[in-house]
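Visitor: Before I trust any label on a model, I want to see the rule behind it. Walk me through this one, please.

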Amino acid sequence: MPTRTHLLAAGTFAVGTSGYIVSGVLPAVSRELHVSSATAGQLLTAFAIAYALSSPVLAVVTGRWERRDLLVAALAVSAVGNALAAVAPNYPLLLASRVLSALGAAVYTPAATMVATVLTPPERRGRAVALVFGGLTFSLVLGVPLGNLLGEPLGYRGVFALIAAVTALAAVAVRAGLPRVAAPPVVGLRERLAVAADRRVLTVLALTVLACLAVFAVFNYIAPLLTATAGVRGPVISALLVAYGLGSVTGNWVAGRLADRFAARRLLIVQFTLFTAVLATLPLTTTTVPGAALALFAWGALTWSANPPIQSWLIALAPANSGLLLSLNASAIYLGVGLSGVFGGVVISTVGLLPLAPIASVLALVALGLLVFALRPQEPKALVVVSPTSGSLAKQWK
């Protein structure tokens with residue numbers, strides 16, 4: 001895979017770590033700012049909701065920007081947000097800094113995915129998308145466990161300062177290593193919403209929201225869950241999070257290659273079936289450390305194996321307008337993440353911690369039902385897209 005695709009992945013690693021790191025530093029934030037764990041957890045929710053709401057809007061605002069400049073600017077905004085988090089003297093300013101970081105991430109991830117497809121031959125685009133999203137999965141391998149380990153000796157401020165430095169380095173690398181990439185034809189917000197109204201697009205976006213809601217409703221509470229089931233704490237939990245992250249990288253890598261060879265929806269049928277089963281049995285399979293390591297590895301692999309086929313499915317729906325669909329899917333990812341904190345909190349307060357994973361698996365089962373429905377034969381329908389040559393609105397039949 002070209003080095004430039006790895007540079008794009010380095011950027012997604014930086015913004016992914018910025019997004020997920022709160023899970024690892026919650027105790028440090030709670031202790032240093034004298035807020036409850038539930039209040040500290042809203043930092044993740046604020047990041048996710050800001051990302052979800054801003055991604056399509058910012059895609060319109062920055063639609064005329066040359067792509068390399070856009071990627072560098074997005075990483076710079078994320079770096080500034082993390083630097084502000086490192087010096088924020090109180091919780092409201094820390095919350096505001098998380099929103100600023102989310103704005104940079106909301107621009108970077110869909111733009112990097114689109115640039116990867118532009119710079120890669122069609123027969124290798126599934127792998128290119130997987131590599132860019134591999135930066136996000138790798139942030140789970142290193143970012144969250146390191147946050148958990150470094151939160152104690154460095155405090156959350158030191159952790160955010162480290163992320164700011166990594167993100168700034170990624171911006172420099174992208175600026176130096178990527179060629180200039182022309183902006184795609186500009187699409188207004190109204191046209192974006194018209195594309196999103198297509199039933200097939202809505203199906204994919206619903207799958208993304210449900211999957212992320214199911215995953216992160218459990219992942220947000222994975223530390224207390226492992227304590228309750230396996231009786232582990234501290235470094236052992238960090239090691240188990242590494243197992244989850246390694247599974248994520250493996251699943252994403254394998255799925256990227258499969259997405260270049262097989263129909264995306266059929267891959268997703270297999271993935272969601274296995275994912276639902278693993279999530280439903282998580283309280284039973286994590287009662288020992290070896291069992292928990294295997295279960296988390298499988299859970300991570302199945303979770304992140306969905307990204308390449310979903311991205312490929314969207315690109316196939318409207319190749320000339322893939323940028324806006326990827327932007328909407330990025331919003332769907334973080335909408336699911338943002339809602340997961342509320343959903344998980346309601347379940348735990350109502351029925352307790354251990355039923356959380358089986359209840360979340362019901363959401364995955366609903367997603368599986370949507371996939372089966374999507375495989376039914378349907379009449380061809382027009383998607384409103386942008387002509388790559390003229391920039392005018394055109395219709396593409398699928």
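**Labels and their cut-offs**

Guide: The protein exposes about 15400 Å², with carbon and sulfur atoms supplying 71% of it; areas come from the Shrake-Rupley method with a 1.4 Å probe, and for residues only the protein chains shown count as cover. Bear in mind that this is a predicted model, where local features need pLDDT of at least 70 and side-chain atom pairs pLDDT 80 or more, while totals for chains, interfaces and linings use all residues. Residues are numbered from 1 along each chain as its sequence is written, and side-chain values use heavy atoms, with hydrogens and water left out.

Visitor: What makes up the secondary structure of the protein?

Guide: There are 16 helices and two strands. Those are DSSP runs numbered from the N terminus: H or I over at least four residues for a helix, E over at least two for a strand.

Visitor: How much of the protein is made up of buried residues?

Guide: Of the 398 residues, 56% are buried, which means under 20% relative accessible area; over 50% is exposed, and partly exposed sits in between (1.4 Å probe, protein chains only).

**Aromatic pairs**

Visitor: How many aromatic pairs does a search of the whole structure find?

Guide: Eight. One of them is Phe219 with Tyr244, 5.0 Å centre to centre and 35° between the planes. In sequence they sit 25 residues apart, Phe219 in helix α8 (residues 199–219) and Tyr244 in helix α10 (residues 234–259).

Visitor: Why is the pair of Phe219 and Tyr244 called tilted?

Guide: Phe, Tyr and Trp rings (for Trp, the six-membered one) pair if their centres lie within 6.5 Å, with planes under 30 degrees apart stacked, over 60 edge-to-face and the rest tilted. The 5.0 Å fits the distance limit and 35° falls in that remainder, so the pair is tilted.

Visitor: How do you know whether Phe219 is buried or exposed?

Guide: Phe219 has 4% relative accessibility, so it counts as buried. Tyr244, at 1%, is buried too. Phe219 also pairs with Trp299, tilted again at 6.4 Å centre to centre and 55° between the planes. Trp299 lies in helix α13 (residues 289–304), so its pair with Phe219 in α8 ties together parts 80 residues apart in sequence. Phe216, Phe219, Tyr244 and Trp299 form one aromatic cluster.

**Salt bridges**

Visitor: What makes Glu66 and Arg180 a salt bridge?

Guide: The rule asks for a side-chain nitrogen of Lys or Arg within 4 Å of a carboxyl oxygen of Asp or Glu. For Glu66 and Arg180 the N to O distance is 3.9 Å, so the pair passes. It links the loop between α3 and α4, home of Glu66, to the loop between α6 and α7 (189–196), home of Arg180, 114 residues apart. Glu66 is buried, at 13% relative accessibility, whereas Arg180 is exposed, at 53%.

Visitor: Which residue forms a salt bridge with Arg180 besides Glu66?

Guide: Asp69, with the closest N and O atoms 3.9 Å apart. Asp69 is in helix α4, 111 residues from Arg180, and at 34% relative accessibility it counts as partly exposed. Shared partners join Glu66, Asp69 and Arg180 into one network. The total count is two salt bridges.

Visitor: Which residues is Glu66 in contact with, leaving aside its neighbours within four places in sequence?

Guide: Pro179, Arg180, Val181 and Ala183, where contact means heavy atoms within 4.5 Å.

**A patch and two loops**

Visitor: What makes the nonpolar surface patch?

Guide: Phe138, Leu142, Leu146 and Leu149 make it, at about 330 Å². Patch members have over 30% relative accessible area and no salt bridge; nonpolar side chains (Val, Leu, Ile, Met, Phe, Trp, Tyr) are joined within 5 Å, like charges within 9 Å. Leu142, in helix α6 (residues 125–177), has 34% relative accessibility and therefore counts as partly exposed.

Visitor: Is Thr120 buried or exposed?

Guide: Buried, with a relative accessible area of 4%. Thr120 is in the loop between α5 (91–118) and α6, and a polar atom of its side chain lies 2.5 Å from the backbone oxygen of Ala116.

Visitor: And is Arg233 buried or exposed?

Guide: Arg233, in the loop between α9 (222–230) and α10, has 59% relative accessible area, so it is exposed.

Technical notes
Polar contact = N/O pair within 3.5 Å; in protein donor to acceptor, adjacent residues only side chain to side chain.
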